[in-house]
Amino acid sequence: MKAKRKDGVILTDCNRTALEKDIEAYSDTILRIAVQNTKNYHDAEDVVQEVFIRLMNNYDGFESGEHKKAWLIRVTINLCRDINRSRRFKGLEPLEDYPCFYGDELKNCEIIEMIRNLPENRRNAVYLFYFEGYSINEIAEITGRNAKSVGSDLHRARKQLKLEMED
């Protein structure tokens, strides 16, 4: 069976099954990244939905699974930036209703809160490095930044977190 997308491109059953597998494989990661960037669970859910709509519309353009995952993370961060920019423009503050859900390895919500309060580039570098296991070079490629800048962000974030934990 074939389903026609809005832009007239046809999704095959094979693509649909692969898309469903991608949603299952990446939705938790995308949601966590969106929550940490929007600081609002409901906005993060909207971001996840939009990310997978964009994936559906660009499904055949990836070299590998890692390329696809990096693209999903990049799109997520960009959509979160758009939401945050819109909030600032409208003078709105996010509702801080996000749960503490980074998995069993880190249940201390105080540490998570400290990470969430880091500036965006540092927060994303820490999350992608420690929670997703990306190297500095991979983070630089995903975020479109220089590897030295990402390394500096990680160093400064660690230093800031250490100072906050000592207080």
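Tyr 130 is partly exposed in this predicted model, with a relative accessible area of 45%, a value that falls between the 20% under which a residue counts as buried and the 50% over which it counts as exposed. Its sequence neighbour Phe 129 is likewise partly exposed, at 26% relative accessibility. The rings of Phe 129 and Tyr 130 have their centres 4.8 Å apart, and because their planes stand at 80°, the pair is classed as edge-to-face, the term used for planes over 60 degrees apart.

Both of these residues also take part in the packing of two helices, since Phe 129 and Tyr 130 belong to the H5 side of the contact between H5 and H7. The two helices pack at an angle of about 95°, with their axes 8 Å apart, and they are therefore roughly perpendicular to each other. Besides the two aromatic residues, H5 brings Asn 121, Arg 122, Ala 125 and Val 126 to this contact, while H7 answers with Val 150, Asp 153, Leu 154, Arg 156, Ala 157, Arg 158 and Gln 160. Sorted by class, the contact comprises seven nonpolar, two polar and four charged residues.

The chain to which these helices belong has seven helices and two strands, and its elements, read from the N terminus, follow the order β-β-α-α-α-α-α-α-α. Of the 167 residues in the protein chain, 39% are buried. Among the contacts with a separation of 6 or more, 63% are between residues 24 or more positions apart.

What holds the centre of the picture is the largest nonpolar core, which has 37 residues. Within this core, the residues with the most contacts are Ile 30, Val 51, Phe 52, Leu 55, Leu 72, Ile 73 and Leu 128. At least two core residues come from each of the helices H1 (13-38), H2 (41-57), H3 (65-90), H4 (109-116), H5 (120-131), H6 (136-143) and H7 (147-166). Leu 72 offers a view of the core from one side chain: once its neighbours within four places in sequence are set aside, Leu 72 is in contact with Tyr 26, Ile 30, Val 51, Phe 52 and Leu 55.

Ile 30 can also serve as a reference point for a residue of a quite separate stretch of sequence, Gln 49, which lies in helix H2. Gln 49 and Ile 30 are 19 residues apart in sequence, and their C-alpha atoms are 9.8 Å apart in space. Gln 49 is exposed, with a relative accessible area of 51%, which is over the 50% cut-off for that class.

In the loop between H1 and H2 sits Lys 39, whose phi is positive, at about 60°, although Lys 39 is not a glycine. Lys 39 counts as buried, because its relative accessible area of 17% is under 20%.

The structure holds three aromatic pairs, and one of them is formed by Phe 62 and Trp 71, whose ring centres are 5.1 Å apart and whose planes meet at 70°, so that this pair is edge-to-face. The two partners fall into separate accessibility classes: Phe 62 is buried, with a relative accessible area of 17%, whereas Trp 71 is partly exposed, with a relative accessible area of 22%.

Terms used. Residues numbered from 1 in each chain as written. Heavy atoms only, no water. Core = buried A, V, L, I, M, F, W, Y, C linked by side-chain atoms within 4.5 Å. Buried < 20%, exposed > 50% of the residue type's maximum accessible area, 1.4 Å probe, protein only. Helix = DSSP H or I, 4+ residues; strand = E, 2+ residues; numbered from the N terminus. Contact = heavy atoms within 4.5 Å. Axes fitted to C-alpha atoms, helices over the stretch in contact; angles between N-to-C directions. Parallel < 35°, antiparallel > 145°, perpendicular 65-115°, else oblique. Nonpolar A, V, L, I, M, F, W, Y, C, P; charged D, E, K, R; others polar. Phe/Tyr/Trp six-rings, centres within 6.5 Å; stacked < 30°, edge-to-face > 60°.
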